[in-house]
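User: I am new to this structure. Please show me how to read its features, step by step.

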Amino acid sequence: MKRADSWAALRLHETEPLDLLVIGGGIAGAGVALEAARCGARVALVEARDFAGGTSSKSSKLVHGGLRYLAQGQIGLTRESVRERKALLRDMPGLVTPLRFLLPVRRGDRKGRRILGLGLAMYDFFAGRRTRQWHAPAAVLAQAPHLQEQDLAGGWSYLDAQTDDARLVLRVLAEARLHGALTLNHVAAESLIEAEGRVQGACLRDAASGETRVVQARVVVNATGAWADRLRQNLGEGPKLRPLRGSHLVFEAWRLPVAQALAFFHPRDGRPVFALPWEGRTLLGTTDLDHRDPLDREPGISAAEFDYLMQAVRAAFPSLDLGLEDVVSTFSGVRPVLDSGDQRDPSKEAREHLILAERGLLTVSGGKLTTFRASAIQALRRVQGRVPALQRLRPDAPLLRTPGIASLQAARALPPALRERLLARYGDATATLLAEARPGELQDIPHAQCCLAELRYACRHEAVLHLDDLLLRRSRIGLLLRDGGAALLHTLRPLVQETLGWNDERWDDECHRYRDRVLRCYGIPTEWRP
């Protein structure tokens with residue numbers, strides 16, 4: 001169903017209530033929408049910006065058990081995360097992929113070989129298999145030849161996983177639609193509708209048309225992430241979250257070569273930092289500090305954060321002599337972390353999810369990318385009494401349907417890497433994508449990890465409203481290419497104008513908007529000085 005048709009379909013629910021109206025199109029909301037729709041509930045999801053436009057496209061791309069949370073005593077969170085990681089690897093092959101970590105140990109470290117080994121043993125115990133392995137210094141350097149050799153005592157390796165977070169959200173939303181859910185991006189919930197002392201719907205505004213619509217719902221789900229307290233304030237409730245910013249650098253892979261993920265400690269404060277291979281580049285992260293800027297302003301890395309990460313990578317890889325020119329892009333996300341109230345070190349705040357039922361408003365926030373399904377199931381169980389269909393929740397069912405025969409046959413002749421990528425990201429829609437591709441459009445765009453056929457499909461079927469929707473989330477061109485892929489815009493112009501019906505004026509406006517966003521939020525801070 002096209003975006004305009006989905007907006008029109010909401011008219012029915014001005015008088016006939018939805019079972020669930022989900023506000024928020026990140027991974028938390030997508031998970032709730034899928035699990036509810038799978039039960040046969042009538043579900044609509046709305047997102048004020050773009051799907052995955054907040055934290056869910058700006059995470060560290062890790063599907064992990066949270067080894068450092070184990071060190072903080074959050075054993076339950078780690079156990080749940082390891083279990084969910086295993087399920088995602090099983091249900092989303094090619095989209096969630098195994099990733100081996102190497103953790104160097106240096107003489108004098110507070111957490112030496114024995115302590116880290118005990119933590120990894122518990123990690124493996126939760127996973128049900130041993131993945132940890134100790135390596136002598138020579139073996140560590142063979143796997144990471146540019147690593148600082150001084151005081152190296154050896155290192156542990158262990159297994160985790162990674163994903164393309166934005167594509168993960170889009171895949172879950174696509175699955176929800178297959179079960180009947182309506183999903184709309186760029187539709188804001190302007191206010192909550194209350195009757196008889198309970199929330200019973202919301203007033204929605206469509207950014208594309210400017211139209212408003214009052215939609216009724218038995219349950220309204222607040223899955224707006226770092227913005228969750230704002231919606232709760234409509235009910236007079238006090239804040240529960242502490243917005244924390246995490247920023248990352250993206251390097252040319254040949255300048256920061258890592259065959260597997262490498263975790264190390266920052267020389268200034270001992271915080272863990274990682275470098276990992278992702279989509280043909282090397283990702284370095286992350287910071288963890290209070291985000292004090294307005295939430296409606298898209299976050300960008302500060303000069304202090306940029307300097308912090310550059311200090312870390314230069315200390316860990318001194319022989320590489322990394323500099324400003326080696327950084328392809330940056331990105332920052334705001335995490336919705338539970339506020340303990342004691343203003344402790346942000347990195348020590350708990351990462352458990354928050355589930356609150358307040359006068360008909362069900363809030364699902366906090367937590368981790370890895371545990372989105374577990375939090376969705378727990379939240380929906382809170383409202384089973386008001387939505388009978390939710391009695392049919394199936395927490396152990398496969399998360400996604402496997403692609404059908406038509407898609408498998410259509411993809412059979414493709415190169416293996418392309419076949420795996422398309423089936424993982426588009427599932428049973430792969431046949432449609434391939435049928436609509438034009439000659440030459442299945443060739444990969446250099447260094448972009450996508451092809452023109454994927455961009456054509458996104459414009460036609462994935463609710464692209466703005467250029468940044470296409471280049472920052474439907475594809476990752478904006479992160480993987482310098483200047484957000486500005487050099488490609490002339491190539492993309494005919495495809496985008498044809499599929500989206502943009503005239504020359506609209507194209508020029510979108511390019512200006514996109515370049516400005518890349519400069520402000522995905523580039524190197526102008527005030528940084530080496």
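User: Let me start with a strand pair. Which residue in E16 is the bridge partner of Arg 242?

Analyst: This is a predicted model. Two strands count as paired if there are at least two bridges between them. Here, Val 337 in E16 is the bridge partner of Arg 242. That bridge belongs to a longer list: strand E11 (residues 241–252) pairs with E16 over eleven bridges, in the antiparallel sense.

User: Is strand E16 enclosed or open, and why?

Analyst: Count its buried residues. Buried means under 20% relative accessible area. In strand E16 (residues 327–338), eleven of the twelve residues are buried, so the rest of the structure largely encloses it.

User: Now a helix. How many residues of helix H10 are buried?

Analyst: Start with the general idea. An α-helix has 3.6 residues a turn, so residues three or four places apart point the same way. Now the case here. Helix H10 (residues 372–381) has eight of its ten residues buried, so it is mostly covered. Among the buried ones are Phe 372, Ile 377 and Leu 380, and also Arg 373.

User: What do the buried residues of H10 pack against?

Analyst: They pack against strands E1 (18–23), E17 (353–358) and E18 (361–366). They also pack against helices H2 (27–38), H4 (75–91) and H7.

User: H7 is a new name. Where else does it appear?

Analyst: In a pocket lining. A pocket is open, whereas a probe in a cavity cannot get out. The second largest pocket has a volume of about 960 Å³. Its lining has 40 residues, and Met 1, Arg 177, His 461, Glu 462 and Ala 463 lie nearest its centre. Helix H7 (165–178) is one of the elements that give two or more residues to this lining. H7 gives the largest share, eight residues. By class, the lining has 20 nonpolar, eight polar and twelve charged residues.

User: And how many cavities of 30 Å³ or more are there?

Analyst: The count is five. The largest has a volume of about 80 Å³. Its lining includes Asp 164, Arg 167, Glu 279 and Tyr 426. By class, that lining holds seven charged, two polar and three nonpolar residues.

User: Last, the whole chain. How many helices and strands does it have?

Analyst: The protein chain has 18 helices and 18 strands. Its radius of gyration is 23 Å, close to the 24 Å that the globule rule gives for 530 residues, so the chain is as compact as a globular protein of that length. Of the 530 residues, 59% count as buried.

Methods. Residues are numbered from 1 along each chain as its sequence is written. This is a predicted model: local features need pLDDT of at least 70, side-chain atom pairs count only at pLDDT 80 or more; totals for chains, interfaces and linings use all residues. Side-chain values use heavy atoms; hydrogens and water are left out. On a 1 Å grid over the protein atoms alone, a cavity is a set of points where a 1.4 Å probe fits but cannot get out, and a pocket is an open set with protein on both sides within 12 Å along at least five of seven lines; lining residues have an atom within 4 Å of a point. Grid points are joined across faces, edges and corners, and a volume is the space filled by probe spheres set on the points. Ala, Val, Leu, Ile, Met, Phe, Trp, Tyr, Cys and Pro count as nonpolar, Asp, Glu, Lys and Arg as charged, and the others, Gly among them, as polar. Helices (H or I, at least four residues) and strands (E, at least two) are DSSP runs, numbered from the N terminus. Buried means under 20% relative accessible area, exposed over 50%, partly exposed in between (1.4 Å probe, protein chains only). Contact means heavy atoms within 4.5 Å. The radius of gyration is taken over C-alpha atoms; the globule rule is 2.2 Å times the number of residues to the power 0.38.
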